[in-house]
Amino acid sequence: MNRAETALINSPPRRWLQRLYEVPVLLSFGGRLPPGSRALEIGCGSGYGSQLMLQRFGAAQVDAIDLDPAMIARAQARLAPYRDRVHLATGSATDLRAALNADDGSYDAVFDFGIIHHIPDWRGAVAEAARVLSPGGRFYFEEVTSHALNRPTYRRLFDHPTEDRFTAEDFLDQIG
Ligand SMILES: C[S@@+](CC[C@H](N)C(=O)[O-])C[C@H]1O[C@@H](n2cnc3c(N)ncnc32)[C@H](O)[C@@H]1O
């Protein structure tokens, strides 16, 4: 991420949007998790999403990864009060074996709070999320489509991959 997006992602307005809009919408679609659920957050950034997974979605255990060690350091500080329920690692959403030694079907839920559009091999990230989900597991996501990424403000302010981005239909087809 460039400096503008990093500043935005680590700001209070990002947390307000996540808490007051994204979480209620995702809960309305996917509901709370069953007791004892094990959940994964890909691209956890500052760790606020993982905190909400514990507090609002009822996850019992959360594993969370991010490609950027500085973000993992932020997440570690934020999630210190939950350290017995959270495991953080630096690594890529496209290779969860390398990042977390994650076996097939090892999570009841995977959360993507706006990161897959950052990944050149976005299909690989979707395939990894599907691989590690248990049968009947839930994929909670909010994403940024090619339509939004092509807006002049987005292009001017932020730095995203430009090739092979997805429409909403492409993304839904891929998660199948
Ligand atoms: C837009 S931020 C979103 C952060 C957080 N999920 C949120 O909603 O505030 C995208 C995050 O994805 C991370 N990221 C980018 N590519 C990644 C990859 N291949 N695997 C894991 N994380 C990645 C970035 O380091 C960044 O923290």
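Q: In this predicted model, which residue has a polar backbone atom 2.7 Å from a nitrogen atom of the ligand?
A: The model is predicted. Among the closest of the 21 residues that surround the ligand are Arg-14, Asp-66 and Phe-113. The polar backbone atom that lies 2.7 Å from a ligand nitrogen belongs to Gly-43.

Q: How far is a polar backbone atom of Ala-93 from a nitrogen atom of the ligand?
A: Ala-93 is listed among the closest residues around the ligand. Its contact uses a polar backbone atom, and the partner is a nitrogen atom of the ligand. The separation is 2.9 Å.

Q: Which residue places a polar side-chain atom 2.6 Å from an oxygen atom of the ligand?
A: Here the protein atom belongs to a side chain and the ligand atom is an oxygen. The two atoms are 2.6 Å apart, and the residue is Asp-66.

Q: What percentage of the ligand's area does the protein bury?
A: The ligand sits in the largest pocket. Helices α1 (3–9) and α2 each supply at least two residues of the shell around the ligand. Taken alone, the ligand exposes 590 Å². The buried share of that area is 93%.

Q: Which residue meets Arg-14 in a salt bridge?
A: The closest N to O distance in this bridge is 3.3 Å, which lies within the 4 Å limit for a salt bridge. Arg-14 is in helix α2 (residues 12–30), and its partner is in strand β5 (residues 133–142), 128 residues apart. The partner is Glu-142.

Q: Is Arg-14 buried or exposed?
A: The relative accessible area of Arg-14 is 13%. Buried means under 20%, so Arg-14 is buried.

Q: How many residues apart are Asp-164 and Arg-123?
A: These residues form a salt bridge, with the closest N and O atoms 2.6 Å apart. Asp-164, in the loop between α8 (152–157) and α9 (168–175), is partly exposed at 41% relative accessibility. Arg-123, in helix α6 (residues 122–132), is partly exposed at 36%. The pair links distant parts of the chain, and the separation is 41 residues.

Q: What separates Glu-128 and Arg-131 in helix α6, in terms of helical turns?
A: The side chains of Glu-128 and Arg-131 meet in a salt bridge at 2.6 Å, N to O. Glu-128 counts as buried, at 10% relative accessibility. Because the two residues are three residues apart in helix α6, they are separated by about one helical turn.

Q: Which residues are linked with Glu-128 and Arg-131 in a network of salt bridges?
A: A search of the whole structure finds eight salt bridges. The network that includes Glu-128 and Arg-131 also contains Arg-97, Asp-103 and Asp-104.

Technical notes. Residues are numbered from 1 along each chain as its sequence is written. This is a predicted model: local features need pLDDT of at least 70, side-chain atom pairs count only at pLDDT 80 or more; totals for chains, interfaces and linings use all residues. Side-chain values use heavy atoms; hydrogens and water are left out. Helices (H or I, at least four residues) and strands (E, at least two) are DSSP runs, numbered from the N terminus. Buried means under 20% relative accessible area, exposed over 50%, partly exposed in between (1.4 Å probe, protein chains only). A residue is near a molecule or strand if one of its heavy atoms lies within 4 Å of it. A polar contact is a pair of N or O atoms within 3.5 Å; within protein, one must be able to donate a hydrogen and the other to accept it, and residues adjacent in sequence count only if both atoms are side-chain atoms. Accessible areas come from the Shrake-Rupley method with a 1.4 Å probe; for residues, only the protein chains shown count as cover. On a 1 Å grid over the protein atoms alone, a cavity is a set of points where a 1.4 Å probe fits but cannot get out, and a pocket is an open set with protein on both sides within 12 Å along at least five of seven lines; lining residues have an atom within 4 Å of a point. A molecule sits in a cavity or pocket if more than half of its atoms lie within 2 Å of its grid points.
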